[in-house]
Amino acid sequence: MTPTAALAISIASAIFALGGVVVGIIGLVQSSRAHRVAKAAADAAEAANRISEESNGIAREANQISRTATQQAHERHDVRWDANFGGEGVLVVRNLGRDTAYNVLIRAIFDGGEPHEMEAAKVGRSGEVQIDLPAVREQLGRVSLI
């Protein structure tokens, strides 16, 4: 082999080797980009999983509320109320129904005044709640009997 041919082969080999290095660098850059994209996708998938878990929890709660509401809709409820004044300025609200009323809130408003409220955890059959109404007592005090 002549020195010129050996030089030509060496130069060609060097050019191919340089091409290999360039392709390797491009591959490394693309690999780095692909890694960043894969990391972002993994982070997005992790966030989506957390959202999905929260959604599943909310759906379970909604299903429980629905089941409870369905059960309550089929329960017998006989709660009826009667209200009368039992004394000066005292409103007596009585459960005339057959069933106990739970989480009771009685709100009374006299003559457009401020509402007065009374709460009771439960009011059984024939049970009552009394609300003191000072405005009624005051009004009764102004009435003169002839």
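Q: Why is Arg80 called partly exposed?
A: Arg80 has a relative accessibility of 45%, and the scale, worked out with a 1.4 Å probe and protein chains only, calls a residue buried under 20% relative accessible area, exposed over 50%, and partly exposed in between. The value of Arg80 lies between these two limits, and therefore Arg80 counts as partly exposed.

Q: What makes a local feature of this model eligible for description?
A: This is a predicted model, in which local features need pLDDT of at least 70 and side-chain atom pairs count only at pLDDT 80 or more, while totals for chains, interfaces and linings use all residues. Residues are numbered from 1 along each chain as its sequence is written, and side-chain values use heavy atoms, with hydrogens and water left out.

Q: How do you know that Arg80 and Asp78 meet in a salt bridge?
A: The term asks for a side-chain nitrogen of Lys or Arg within 4 Å of a carboxyl oxygen of Asp or Glu. Between the side chains of Arg80 and Asp78 the N to O distance is 3.2 Å, so the pair meets the condition. In general, side chains of opposite charge can pair when their charged atoms come close.

Q: Why is Asp78 called buried?
A: The relative accessible area of Asp78 is 12%, which is under the 20% limit, and so Asp78 is classed as buried. Asp78 lies in the loop between H1 and S1; helices (H or I, at least four residues) and strands (E, at least two) are DSSP runs, numbered from the N terminus.

Q: What makes Asp78, Arg80 and Arg98 a network?
A: These residues are linked by salt bridges: besides the pair with Arg80, the side chain of Asp78 meets that of Arg98 at 3.0 Å, N to O. Because Arg98 is in the loop between S2 and S3 and Asp78 in the loop between H1 and strand S1 (81-87), the Arg98 pair ties together parts that are 20 residues apart in sequence.

Q: How do you know which residues Asp78 is in contact with?
A: Contact means heavy atoms within 4.5 Å. Leaving aside neighbours within four places in sequence, Asp78 is in contact with Gly97, Arg98 and Asp99.

Q: Is Asp99 buried or exposed, and how do you know?
A: Asp99 has a relative accessible area of 13%, and since this is under 20%, the residue is buried. Asp99 is placed in the loop between S2 and S3, and a polar atom of its side chain lies 2.6 Å from the backbone nitrogen of Asp78. Among the residues that Asp99 touches are Arg76, His77, Val123 and Arg125.

Q: What makes Arg107 and Glu117 a salt bridge?
A: The closest N and O atoms of Arg107 and Glu117 are 2.6 Å apart, which is within the 4 Å limit, so the term applies. Arg107 in strand S3 and Glu117 in strand S4 are 10 residues apart, and the pair links distant parts of the chain. Glu117 is called partly exposed because its relative accessible area is 43%. The structure holds 7 salt bridges.

Q: Why are Leu91, Val93 and Ala101 said to belong to a nonpolar core?
A: A nonpolar core is a set of buried Ala, Val, Leu, Ile, Met, Phe, Trp, Tyr and Cys residues joined through side-chain atoms within 4.5 Å. The largest such core has 12 residues in all, including Leu91, Val93 and Ala101. The elements that give two or more residues to this core are strands S2 (90-95), S3 (101-108), S4 (116-123) and S5 (128-132), with the largest share, 4 residues, coming from S3. In soluble globular proteins, nonpolar side chains tend to be buried together. Among the residues that Leu91 touches are Phe85, Ala108 and Val129.

Q: Why is Asn103 called exposed?
A: Asn103 has a relative accessible area of 68%, which is over 50%, and therefore the residue is exposed. Asn103 lies in strand S3 and has a positive phi of about 50° although it is not a glycine.

Q: Why is Asp111 called exposed?
A: The relative accessible area of Asp111 is 68%, so this residue passes the 50% limit. Asp111 is found in the loop between S3 and S4, and its phi is positive, at about 55°, although it is not a glycine.

Terms used. Polar contact = N/O pair within 3.5 Å; in protein donor to acceptor, adjacent residues only side chain to side chain.
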